[in-house]
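Subject: Structure handover

Dear colleague,

I am passing on to you the structure we spoke about, together with an account of what was found in it. Please look through the sequence and the model first, and then read on.

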Amino acid sequence: MSVLVTGAASGIGAALMALLGPDAIGLDRHEADVVCDLADPDAIAAVADRIEGTLDGIAHVAGVPGTADAATVLAVNCLAPAALTSALLHKLRDGAAIVAVSSIAALRCDWSADAHDALLSGGFDALPSHAANLSGPEAYEVSKAALNRWVVRSSAQLQPRRIRVNGVSPGPVETPILGDFRKTMGEDRIAAAAGLVGRHGTPAEIASAIAFLLSAEARWINGADLRVDGGFHAMRAVVA
């Protein structure tokens, strides 16, 4: 299956590349089949010219934590998936699948759907104004909530071509950036998540969920957000 995987060099992206096999195409800032800075709209627009043939899917795995500046967080986490998908629509076959990696942190965002639509519609040109009053951690929550909104919008827009768009929302995962989340979300919160469900997730566990949503076995799932958090969100709701 020819799937473009962003964030392919490490963590969940690398685990997904291993699952999908040799036909998968990796995209990352360094050491990938396609090298691209997802904070740069010009670089994103040029990606299509570097991919040959037809794509069966896109996995938007790349993301940056709230330790980065707000503009970078918004750019990479929600504007880049939208822009990259738009640039590659003509490469996607009818019936293809798209999966975007969000986060259960999106549930903490109190922005309205209209505010998310404004961010997505404004794109990179309006990025400075949207990022101006946000800290990195705030931008992380906003970016993932906006990504969820993009999943819903795109699933409806692409349905005539039978292109499915779904999201995966992990809880804390043992990736190289888990330390960044400890800094921005607090050591106690990250530890509490592991305390409720027994441990943090692994990259392979999140990759398996993404691979399922990309596959034909998930052909009747569209516009969904799959929480892959070991039951953390449900247990927190019951304990609270």
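Which helix gives the most to the lining of the largest pocket? Before the reply, please keep in mind that this is a predicted model, and that every value below was computed from it. The helix in question is α8, which contributes 5 residues to that lining.

The largest pocket has a volume of about 1000 Å³, and among the 46 residues that line it, Gly63, Tyr140, Thr175, Ile177 and Phe181 are the closest to its centre. Several elements share in this lining, since at least two residues each are supplied by α1 (11-20), β2 (25-28), α3 (70-88), α6 (136-157), α7 (178-185), α8 (187-197) and α10 (232-239). Sorted by class, the lining of the largest pocket holds 27 nonpolar, 11 polar and 8 charged residues.

The second largest pocket has a volume of about 250 Å³, and of the 15 residues that line it, those closest to its centre are Gly95, Arg162, Arg164, Arg219 and Trp220. Here the element that gives the most to the lining is a strand, β5 (residues 92-101), with 4 residues, while the classes of the lining come to 7 nonpolar, 4 polar and 4 charged.

Apart from the pockets, the count of cavities of 30 Å³ or more comes to 1. The largest cavity has a volume of about 60 Å³ and is lined by 13 residues, with Thr6, His60, Ala62, Val76 and Pro81 lying nearest its centre. Both α3 and α6 supply at least two residues of this lining, and the largest share, 5 residues, comes from α3. By class, the lining of the largest cavity is made up of 9 nonpolar, 3 polar and 1 charged residues.

Two helix pairs also deserve a careful look. Helices α8 and α10, which each supply at least two residues of the lining of the largest pocket, pack at an angle of about 90 degrees with their axes 9 Å apart, and they are therefore roughly perpendicular to each other. In this contact Ala193, Leu196 and Val197 of α8 meet Phe232, Met235, Arg236 and Val239 of α10, which gives 6 nonpolar, no polar and 1 charged residues by class.

The other pair is α4 (residues 113-122) and α6, whose axes lie 9 Å apart at an angle of about 85 degrees, so that α4 is roughly perpendicular to α6. From α4, the residues Ala113, His116, Asp117, Leu119, Leu120 and Ser121 meet Val142, Ala145, Ala146, Arg149, Trp150 and Arg153 from α6, and this contact divides into 7 nonpolar, 2 polar and 3 charged residues.

Finally, for the protein as a whole, the secondary structure comes to 10 helices and 7 strands, and the C-alpha trace spans about 50 × 40 × 35 Å along its principal axes. How does the radius of gyration of the protein, with its 240 residues, stand beside the value for a compact globule? Such a globule would have a radius of gyration near 18 Å, and because the protein has 17 Å, the two agree.

With kind regards

Notes: Residues numbered from 1 in each chain as written. Predicted model: local features only at pLDDT ≥ 70, side-chain atom pairs only at ≥ 80, totals over all residues. Heavy atoms only, no water. 1 Å grid on protein atoms, 1.4 Å probe; cavity = no way out; pocket = protein on both sides within 12 Å on 5 of 7 lines; lining within 4 Å. Points joined across faces, edges and corners; volume = space filled by probe spheres on them. Nonpolar A, V, L, I, M, F, W, Y, C, P; charged D, E, K, R; others polar. Axes fitted to C-alpha atoms, helices over the stretch in contact; angles between N-to-C directions. Parallel < 35°, antiparallel > 145°, perpendicular 65-115°, else oblique. Contact = heavy atoms within 4.5 Å. Rg over C-alpha atoms; globule rule 2.2 N^0.38 Å.
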